[in-house]
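Subject: Structure handover

Hi,

Here is the structure I promised to pass on to you. Please have a look at it first, and then read on for what turned up in it.

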Amino acid sequence: MGVDRCLLFSLTGDTETVRCVAEYVAPGISPARREYPAAMLTELIESIRCEGVLTFDDIEHDARLRPIYENFLRHIGVRSIMYVAIRVGDDIPAALAFSTVTHARRWRDADVAVASAVAVQTGIAIRQAQLFKLIVGAKEEWETTFNAMSDAVLIFNEHGDLTRVNRAGAALERMIPENLIGRRCCQILHAEQADCIVTRALAEKRRLTDEISLPHFKRSLLFTAEPIAATDGRVIGAVCFVRDLSELRKIEAVAREQQSL
């Protein structure tokens, strides 16, 4: 662009202050201020939102920016400036300001085209950052919920290999989750069972429920295996929920004994 400064302003957040969140300055050029009172920039911000691009070739003699020039721009030596809105969907969360200090600049159509292209790319980058933040937040929330479940949850791929397990599932094997990943479904919890419920659910493409007693664990477990289907109908894995019924069975036994008495 051949400019002396390029600033990225945030137009969201604090309603009393407009913040410069990123800045480029050419060698020998002093940086601009980081914060500006929003009250003095209201008209300019509205014009940027409406017009998209505002150019000022000789700002010292341009009446449109007289108060802003006298209060801010004159003190940092700005002679020409161009503002470009950054759009993210229907919102305009930021704007770019390209300015010259060493000389006055007559902004050409080519300059506007380049600046607009930069604004478009910046808008895409902001949107991607927003989406990434949402995904990370959702992932953290999902992980917390996944590990807080009292029932064991085991997720297998289409070959019956374990890909995810929560803490309750790993606790049944008295292991940490990382050490279980990659095991075959028939090797987890009920290795002595020849008819693996997960393998059957994958093969039959339907939900299966079975109660399995594990003498070596001295407990009774309720297994529910449900295949996971892609949009085209292919089975791409299975999720298995395991509930420990040991306490329930003890309570039932006591209830039966009391009923008999």
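Contact here means heavy atoms within 4.5 Å. With that in mind, and remembering that this is a predicted model, let me start with the nonpolar side chains.

Leaving out neighbours within four places in sequence, Leu-44 is in contact with Leu-54, Leu-65, Ile-68 and Tyr-83. Leu-44 also appears among the residues with the most contacts inside the largest nonpolar core, alongside Leu-41, Leu-65, Leu-73, Ile-81 and Tyr-83. That core has 28 residues. Which elements give two or more residues to it? They are strands β1 (5–10), β2, β4 (53–56), β5 (80–88) and β6 (91–100), together with helices α1 (42–51) and α2 (66–71). A second core, separate from this one, has 24 residues, including Val-165, Leu-172, Cys-185 and Val-235. As general background, nonpolar side chains in soluble globular proteins tend to be buried together.

Now for the charged side chains. How many salt bridges does the structure hold? The count is 14, and a few of them may interest you.

One of them pairs Glu-23 with Arg-34, with the closest N and O atoms 3.8 Å apart. This pair links distant parts of the chain, eleven residues apart: Glu-23 sits in strand β2 (residues 17–25), and Arg-34 in the loop between β2 and β3 (35–37). Both partners are partly exposed, Glu-23 at 23% relative accessibility and Arg-34 at 44%.

Asp-62 and Arg-64 form another salt bridge, at 2.8 Å from N to O. Are these two partners buried or exposed? Asp-62 is buried, because its relative accessible area of 14% is under the 20% cut-off. Arg-64 is exposed, because its value of 54% is over 50%.

Further along the chain, the side chains of Arg-184 and Asp-161 meet in a salt bridge of 3.6 Å, N to O. Arg-184 lies in the loop between α5 (177–180) and α6 (197–204), while Asp-161 lies in the loop between β7 (152–157) and β8 (162–165), so this pair ties together parts that are 23 residues apart in sequence. Arg-184 is partly exposed, with a relative accessible area of 32%.

Finally, Arg-66, Glu-70 and Arg-74 are joined into one network by salt bridges that share partners.

Happy to talk any of this through whenever it suits you.

Best wishes

Notes
Residues numbered from 1 in each chain as written. Predicted model: local features only at pLDDT ≥ 70, side-chain atom pairs only at ≥ 80, totals over all residues. Heavy atoms only, no water. Salt bridge = Lys/Arg side-chain N within 4 Å of Asp/Glu carboxyl O. Helix = DSSP H or I, 4+ residues; strand = E, 2+ residues; numbered from the N terminus. Buried < 20%, exposed > 50% of the residue type's maximum accessible area, 1.4 Å probe, protein only. Core = buried A, V, L, I, M, F, W, Y, C linked by side-chain atoms within 4.5 Å.
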